Amino acid sequence: MESISVFEIIKVGIGPSSSHTMGPWNAASAFIRIIKRERSIAEVKEVFLEFFGSLAKTGIGHGTDIAGMLGLNGEDFKTINTSKIDEKIEEIKNTQILNLGGEKKIPFIYGHHLVLNMQKSLDFHPNGMIFKAVFEDGTELVQDFYSVGGGFIASQEKNSIEKQCVRTLYPCHKAADIVKYCDKLGFKKISDLILINEESWRTQEETRAEALYIWKQIKECIYKGVNKEGILPGGLNVTRRAAGINRKLLGEDKIYKNKDEWFQMVIDAEENFTNINKWIACFALAVNEENAAFGRIITAPTNGASGVIPAVLMYSQAFTPFNSEDDIARFLLVAGEIGTLFKKNATISAAMGGCQAEVGVSSAMAAAGLTEILGGSVGQVLMAAEIAMEHHLGLTCDPIKGLVQIPCIERNTMGAIKAITAANIALESDPEKAKVSLDQVVQTMWETALSMNDRFKETSEGGLAIAVNVPEC
C-alpha cells in the first residue's frame with residue numbers, strides 16, 4: 001500500500017469543496033499535462049469536459065464548472081487571486097474563448113464544451129468526469145478522472161494520477177502499525193515516528209517549516225473570516241456570523257491593525273467556559289465562511305471540513321499552555337497521519353461516505369492532534385481519534401442547493417467541540433480498557449458508508465436538502 005504524506009491530507013486549498021472544486025481543478029491541470037506529454041497545446045482545436053453523478057448534481061453550488069474552466073485555462077488555485085475568479089469566468093463565458101493551459105486561445109462555449117450530466121453516473125466513482133481534446137488533424141485524446149476526496153484524483157487505470165509511489169521507513173497503514181513501531185522504537189510520542197516517516201518526502205527541518213507555513217495560512221484564513229461581514233454567495237442568503245461573534249467577544253471598542261494584534265487580543269480576552277466555547281465556534285465559522293466564498297483555506301482533510309482542525313489548533317494556541325511552534329508541528333503531524341488511515345482504509349469523500357467521511361474524519365484528526373500535545377500517550381491519542389469518529393458514524397451529507405453552507409458551516413463547529421471533548425475523555429481514560437479500537441471504527445465507518453443510501457451522499461436529493469426545498473402541505 002502506498003504511503004501518504006501528512007501534507008497531502010492537510011494542505012492549502014480553495015473553497016468551497018475539495019472533491020467538487022479542487023479535485024476537478026486538479027484533473028483539468030492533469031489533463032493539460034497529458035496533452036503536453038502526448039502531443040502539444042498548439043495542436044488542440046477544441047476541448048470538451050463533461051461532469052457526471054454527484055459532481056454534476058451539486059456542480060453549480062460547489063463551483064465545479066468554475067474549477068474545470070480555470071484549470072483548463074492554466075490557473076493554479078494555490079496562487080490565483082481569489083477576488084478575480086468571477087471576473088475571469090465572466091470573460092470566458094462572454095468571449096466564448098478559453099486560453100488552454102495559458103498558451104492557446106480556443107473556442108469554448110459553456111453548455112456545449114462544458115456539460116453537467118445529471119442523468120448519468122460513471123461506474124468507478126460518484127465524482128466522475130471525462131475530458132476530451134480534439135486536435136487540428138481530427139484525432140482525439142480522451143481521459144476519465146474521478147475526484148476521490150481531499151482534492152485527490154484517480155482514473156480507472158490508475159488509483160492515483162502522476163504520483164510517485166512512496167514507501168516510508170516505518171509504514172503505518174493501520175493504527176496498529178503506529179502502536180507497533182512506537183513500541184519497537186521506544187517512542188512515547190506518535191509525532192516522533194511520523195517525523196521520521198516524513199523524511200521520505202523532505203527533511204525534518206522542511207517538515208517543521210511546512211507545518212508552520214500551514215499554521216500561518218490558518219491564522220490568515222481565520223483573520224480574514226472574522227473581519228468580513230455580509231451575505232455568502234450562492235443564493236441561500238446565508239449571513240456571515242464569525243465577524244459579529246468576534247466583535248462581541250473582544251468588545252465593540254477594540255481596534256487592531258493586523259492578525260498578530262488581533263490574536264493577542266484573543267489571548268488576552270476574558271476566559272471562561274462560555275467565551276472559550278464561543279471562540280471555538282467563531283474560529284470554525286470564520287474558516288468555513290471563507291471556504292463558502294471561494295476563499296483560500298486549509299484542506300484538512302477536505303474543504304467541507306476545513307474549519308475543524310484550524311478551530312482546535314487555534315484553541316490550543318490561544319487557551320492552553322501547549323502553544324509552542326513544536327506543539328504546532330506535532331499537532332499537525334499526528335492529525336495528518338490519522339487522516340491517512342481513513343483515506344487508505346475507508347474514504348474522505350462525502351460522495352462516497354457522507355459527512356462522516358469529512359467532518360467525522362477531521363474531528364478524529366483534530367482530537368488526536370490535540371491529545372498529542374496535551375501529553376497523551378500513544379494509546380490515548382488513538383483513543384481520542386476513535387471517540388471522535390465513533391460519534392460521527394452515519395452522519396449524512398445533504399447540503400441545501402448543493403452549497404457548502406447549510407448544514408456544513410455550523411457542522412464544523414460541532415466537529416471541533418467533539419474533538420476537544422474526545423481529547424479530554426481520552427486523557428482521563430485507560431486505553432487498555434477500551435472496548436473499540438480506532439481500526440475497528442475506521443472499518444465500521446467504511447461499512448456504514450457502503451450501506452448508506454446514495455441520496456445522502458452529497459447529491460442534495462435527500463434529508464435536509466429535500467425538507468427545506470419541498471413546501472409544507
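The chain of this predicted model is split by its domain assignment into domain 1, residues 20-147, and domain 2, residues 175-456. Measure from centre to centre over the C-alpha atoms and you get 31 Å between domain 1 and domain 2. Where they touch, domain 1 brings 16 residues to the contact and domain 2 brings 12.

How much area is buried between domain 1 and domain 2? About 1000 Å², with carbon and sulfur atoms giving 64% of that. On the domain 1 side, three residues stand out: Met22, Gly61 and His62 supply 35% of the area that domain 1 buries against domain 2, and no other three residues supply more.

Now for the chemistry of that meeting place. By class, the face of domain 1 that touches domain 2 holds six nonpolar residues, nine polar ones and one charged one. Side chains of opposite charge can pair when their charged atoms come close. Across the interface of domain 1 and domain 2, though, the count of salt bridges is zero. What does turn up between domain 1 and domain 2 is four residue pairs in polar contact.

Look at the whole structure instead, and there are 21 salt bridges to find. Glu75 and Lys88 form a salt bridge, and their closest N and O atoms are 3.2 Å apart. This pair links distant parts of the chain, with the two positions 13 residues apart in numbering: Glu75 sits in the loop between helix 5 (64-72) and helix 6 (85-95), while Lys88 belongs to helix 6 itself.

The database record offers its own way of dividing things up. An unreviewed UniProt entry marks residues 5-157 as "domain: Serine dehydratase beta chain". The same kind of annotation, again from an unreviewed entry, places "domain: Serine dehydratase-like alpha subunit" at residues 189-465. Here is what the model shows over each of those spans.

| Residues | Helix | Strand | Distance between end C-alpha atoms |
|---|---|---|---|
| 5-157 | 35% | 30% | 23 Å |
| 189-465 | 62% | 1% | 43 Å |

So much for the big pieces; a few backbone details are worth finding too.

Which peptide bond that ends at Pro16 is cis? The one from Gly15, where omega is near 5°. Pro16 lies in the loop that runs between strand 1 (11-14) and helix 2 (18-38). Another cis peptide bond joins Ala300 to Pro301, this time with omega at about -5°. To spot Pro301, go to the loop between strand 9 (296-299) and helix 13 (308-319).

Two residues are worth a look for their phi angles. Lys401 has phi near 60°, a positive value in a residue other than glycine. Its setting is the loop between helix 17 (378-390) and helix 18 (408-427). Glu458, also a residue other than glycine, has a positive phi as well, near 65°. Glu458 is in the loop that connects helix 19 (438-451) with helix 20 (463-469).

Technical notes
Residues are numbered from 1 along each chain as its sequence is written. This is a predicted model: local features need pLDDT of at least 70, side-chain atom pairs count only at pLDDT 80 or more; totals for chains, interfaces and linings use all residues. Side-chain values use heavy atoms; hydrogens and water are left out. Domain bounds come from an automatic or database domain assignment. Contact means heavy atoms within 4.5 Å. Buried area is the accessible area (1.4 Å probe) that two parts lose on being put together, summed over both. A salt bridge is a side-chain nitrogen of Lys or Arg within 4 Å of a carboxyl oxygen of Asp or Glu. A polar contact is a pair of N or O atoms within 3.5 Å; within protein, one must be able to donate a hydrogen and the other to accept it, and residues adjacent in sequence count only if both atoms are side-chain atoms. Ala, Val, Leu, Ile, Met, Phe, Trp, Tyr, Cys and Pro count as nonpolar, Asp, Glu, Lys and Arg as charged, and the others, Gly among them, as polar. UniProt positions are given in the numbering used here, feature names are shortened, and annotations may be inferred rather than shown by experiment. Helices (H or I, at least four residues) and strands (E, at least two) are DSSP runs, numbered from the N terminus.
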